[in-house]
Amino acid sequence: MRIGMGLNYSGGFEETVAELAEHEAAGLDIVFVPEAYSFDAVSQLGYIAARTSTVEIASGILQIYTRTPSLTAMTAAGLDYVSNGRFTLGIGASGPQVIEGFHGVRYDAPLGRTREIVDICRQVWRREKVQYPGKHYTVPLPPDQGTGLGKPLKIINHPVRDRIPIVLAAIGPKNVAMTAEIAEGWLPIFFVPERAQEVWGSSLEQGKAKRDPSLGDLQIYLQASLCITEDADTARQMLDGMRPFVALYVGGMGAKGKNFYNELAQRYGYESEAATIQDLYLDGKKDEAAAAVPDELVKAMSLIGPRAYVAERLQAFADAGVTTINVTPLAGTPAERVSLVGQAKELAADL
C-alpha cells in the first residue's frame, strides 16, 4: 500500500510545500491538490512539481464542467511534462452548488460528460487529430454551430506519456461502475472498508467486467485522517475534530434529495442519523449536526489510535482493495506531521 497526502487548499501554501519536501524525503508516494472553489489546483501543482523530484503529483480533483476536454488534456500533459512524468489526472463532477452557484454553468449529464472527456483526453495524449462526435462534446465544432473554419488538430508537443493515469472521484453506483470500466484509479470519499463490498461491490464488478485489460488493475485511493497515539484522550479529541467535516458533507453539501454524501451515509446504514445531521445542518445548527455524526463512522474511516490499532486499520483497508491512502496527519508541528507520515509508511510496508 502506498501513502499519499492531500494538501490543504487554504493558507500557508509556501510553508506547506516547504514541509512537503520533508515528507518526500520520508518516502511520501503521492500528493493530491484539491480545487473546490478556492485557488486553482493547476498553478499549485506546477509549483510543487518545481519544488520536488520524486513524489507523484495529482489533481484531487479538477471538476469537469469549466474546462473543455482538450484543455483538460493539454493541462494534464503540461503538468506531466514539468514533473517529468509524475502527474495523475484526478477529475470529478463536483456538485451543482459549486458548478451552478460559483461557475454559472449548468450541471448536467455527469456520467456521459466524464466518459467523453476521458476518451478525448486519451486521443490528445496519443497525438491523434482530435475528432469526436459525442453527445456532449463534438470536436471539431460542426460548421452550422460556428464559423465553419474549425478543423481537426493534434497537440503540437509530444507528451511525456501517451496515457496519463486518470483517477475519477465517484460514489454513486453508476458512476463507480463507469470508473471501474474506464479509469486507472478510483477516488471515493468516506470509505468504510468493512462495508465497501456491500455498498460498492456490485458496481465495481459490473465495471470491471467491461474493463480494458491494458488499464491494469483498478487503483483505489482514499483520504483518511492519521494520528498514531497511545493516549486515549488525544485520540478522542482527534476523532471529534473530524465531525464538523463529515457534517459539512452529509448535512450541507446539497439540498434534501440532492446530497450525494447524505445518500452514501444512508447506504452505509445510517438512514436516521443522516436525516438528523442534514436537518440540523440546514437549520444552521452546525455544532449539533457535528455532534450527531456517529462515533462508529468517524472511527471506521480514519487511522486514529494506538500504533497497533492503526496497523489493523491499514490491513482492513488493504483487504478491501485500497492501494493508496492519502493521510491527513493530525499533529501540531511540521516535524510531528512528518513523523506520522513516516510511521504510516513503515506500517504500510509490512502489508
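## Aromatic pairs in a predicted model

With 2% relative accessibility, Tyr268 counts as buried. Bear in mind that the model in front of you is predicted. So what does the ring of Tyr268 pair with?

Its partner is Trp200: the two ring centres lie 6.1 Å apart with the planes at 80 degrees, so this pair is edge-to-face. Trp200 belongs to helix H7, while Tyr268 lies in the loop between helix H9 (260-267) and helix H10 (271-282), so the pair ties together parts that are 68 residues apart in sequence. Like its partner, Trp200 is buried, at 0% relative accessibility.

Now let us widen the view around these two rings. Trp200 and Tyr268 belong to one aromatic cluster, together with Trp186, Phe191 and Phe317. If you look at Phe317, you will find the charged end of Arg313 sitting over its ring, 5.7 Å from the ring centre.

In general, two numbers describe a pair of aromatic rings: the distance of the centres and the angle of the planes. The count for this model comes to 14 aromatic pairs. One of them joins Phe190 and Phe245, with 5.8 Å from centre to centre and 80 degrees between the planes, an edge-to-face arrangement. This pair, too, links distant parts of the chain: Phe190 is in the loop between strand S9 (185-187) and helix H7 (193-208), Phe245 is in helix H8 (residues 232-252), and the two are 55 residues apart.

Are Phe190 and Phe245 buried or exposed? Phe190 has 8% relative accessibility and therefore counts as buried. Phe245, at 43% relative accessibility, counts as partly exposed.

Methods: Residues numbered from 1 in each chain as written. Predicted model: local features only at pLDDT ≥ 70, side-chain atom pairs only at ≥ 80, totals over all residues. Heavy atoms only, no water. Phe/Tyr/Trp six-rings, centres within 6.5 Å; stacked < 30°, edge-to-face > 60°. Helix = DSSP H or I, 4+ residues; strand = E, 2+ residues; numbered from the N terminus. Buried < 20%, exposed > 50% of the residue type's maximum accessible area, 1.4 Å probe, protein only. Lys NZ or Arg CZ within 6 Å of the ring centre and 35° of its normal.
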